Amino acid sequence: IGEESFVDELWISFLKECKVAGASLIMHAGDLHEGMSNRPDQIYHLTDIGASAQMDHAERLLSMTDIPIKVIDGNHDRWAVKANGLFMVRDLAKRLPHVEFLGCDSGEVTINGTRWMLWHGEDGSSYATSYRLQKLAESFTGGDKPGVLLAGHTHKQGFFFPRNIHMVSGGALSYQSAWMKSTKKGCDTGFWIIEATIRDNQIVRFKPEWLPIYS
């Protein structure tokens with residue numbers, strides 16, 4: 001939110017599909033705001049300049065629903081942390097009773113006895129979308145694995161099942177930015193609707209559906 005590759009209609013379309021699907025929870029894997037980087041050209045692509053303007057814009061959009069929202073921050077949100085100690089997503093969540101901030105870069109929530117992790121990362125996009133999450137799955141010790149991991153950052157979508165972890169790469173609720181075009185980075189615009197059946201603290205059915213947005 002705050003960059004020209006994002007438009008409000010993307011969020012509005014997402015909320016309409018949440019209503020159709022009867023979604024009970026929204027999970028956001030970071031980069032809620034565009035943030036303010038040190039790239040000299042970034043300001044020419046901003047629609048909201050400054051942390052306050054971007055947070056106010058985000059508050060207006062997140063107020064459009066009463067579905068509970070679990071969110072972590074991403075590297076764009078954390079530019080403000082590194083520059084002057086401003087935790088944009090944490091402080092935004094304090095304004096909205098249905099929004100819960102789970103942590104910086106990663107966070108967890110327990111759903112019917114199962115562990116769901118949100119993870120952002122500051123690594124680059126790998127040649128194969130699956131490779132990034134495969135290496136992340138390998139990094140967990142045996143007793144520390146989540147049941148589900150929802151990953152942000154790369155703007156790539158995909159579903160994988162390494163080490164019995166349901167791993168979803170989230171894509172992006174934005175279009176390809178000018179910076180991504182200039183650096184030859186693709187953007188999968190859309191979102192996931194996930195239906196999980198849980199019995200005896202175990203996920204017995206996991207149905208992720210990718211809903212692409214073309215224009």
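Two strands pair if DSSP finds at least two bridges between them. Helices (H or I, at least four residues) and strands (E, at least two) are DSSP runs, numbered from the N terminus. The model is predicted: local features need pLDDT of at least 70, side-chain atom pairs count only at pLDDT 80 or more, and totals for chains, interfaces and linings use all residues. Residues are numbered from 1 along each chain as its sequence is written, and side-chain values use heavy atoms, with hydrogens and water left out.

**Exercise 1: A hairpin**

Task: Find how strand 4 and strand 5 pair, and find the residue with a positive phi in their hairpin.

Solution:
- Step 1. Strand 4 covers residues 106–111 and strand 5 covers residues 114–119; six bridges join them in the antiparallel sense.
- Step 2. Pick one position: opposite Thr 110 you will find Arg 115 of strand 5.
- Step 3. Now look at the turn. Two residues sit between the strands of this hairpin, and Asn 112 has a positive phi near 50 degrees.
- Step 4. Look just ahead of strand 4, in the loop that follows strand 3 (99–104), for Asp 105. Its phi is near 75 degrees, a positive value in a residue other than glycine.

**Exercise 2: The sheet**

Task: Write down the strand order of the open sheet of five strands, then see which helix packs on the sheet.

Solution:
- Step 1. Recall that strands of a sheet pair through backbone hydrogen bonds, either parallel or antiparallel.
- Step 2. Here the order is 4-5-6-8-7, and the pairing is mixed.
- Step 3. Strand 4 and strand 7 (157–160) are the edge strands, each pairing on one side only.
- Step 4. On average, neighbouring strands of this sheet are turned by 15 degrees against each other, direction ignored. For such angles, axes are lines fitted to C-alpha atoms, for helices over the stretch in contact, and angles run from 0 to 180 degrees between N-to-C directions.
- Step 5. For a parallel pair, take strand 6 (residues 148–151) and strand 8 (residues 166–170), joined by four bridges. Leu 149 has Met 167 of strand 8 as its bridge partner.
- Step 6. Helix 5 (residues 129–139) packs on the sheet and touches strand 5, strand 6, strand 7 and strand 8. Its direction makes about 135 degrees with that of strand 8. Contact means heavy atoms within 4.5 Å.

**Exercise 3: Nonpolar cores**

Task: Find out which element gives the largest share of the largest nonpolar core.

Solution:
- Step 1. A nonpolar core is a set of buried Ala, Val, Leu, Ile, Met, Phe, Trp, Tyr and Cys residues joined through side-chain atoms within 4.5 Å. Buried means under 20% relative accessible area, exposed over 50%, partly exposed in between (1.4 Å probe, protein chains only).
- Step 2. The largest core has 27 residues, and those with the most contacts inside it include Trp 11, Phe 14 and Ile 26.
- Step 3. Suppliers of at least two residues each are helix 1 (8–21), helix 2 (51–62), strand 2 (69–73), helix 4 (88–93) and strand 9 (190–199).
- Step 4. Helix 1 gives the largest share, five residues.
- Step 5. Zoom in on Phe 14: neighbours within four places aside, Phe 14 is in contact with Ile 26, Leu 173 and Phe 191.
- Step 6. Apart from the largest core lies another, of 13 residues, among them Trp 192 and Trp 210.

**Exercise 4: A cavity and Ser 169**

Task: Locate the largest cavity through its lining, and decide whether Ser 169 is buried or exposed.

Solution:
- Step 1. A cavity is a set of points, on a 1 Å grid over the protein atoms alone, where a 1.4 Å probe fits but cannot get out; lining residues have an atom within 4 Å of a point. Grid points are joined across faces, edges and corners, and a volume is the space filled by probe spheres set on the points.
- Step 2. Searching the whole structure gives two cavities of 30 Å³ or more. The largest holds about 50 Å³ of space.
- Step 3. Its lining consists of Ser 125, Ser 126, Thr 129, Arg 132, Leu 133, Thr 154, Lys 156 and Ser 169. Helix 5 gives the largest share of that lining, three residues.
- Step 4. Ser 169 lies in strand 8. Ser 169 counts as buried because its relative accessible area is 2%.
- Step 5. Beyond its neighbours within four places in sequence, Ser 169 has contacts that include Thr 129, Ala 151 and Trp 192.

Conventions: On a 1 Å grid over the protein atoms alone, a cavity is a set of points where a 1.4 Å probe fits but cannot get out, and a pocket is an open set with protein on both sides within 12 Å along at least five of seven lines; lining residues have an atom within 4 Å of a point.
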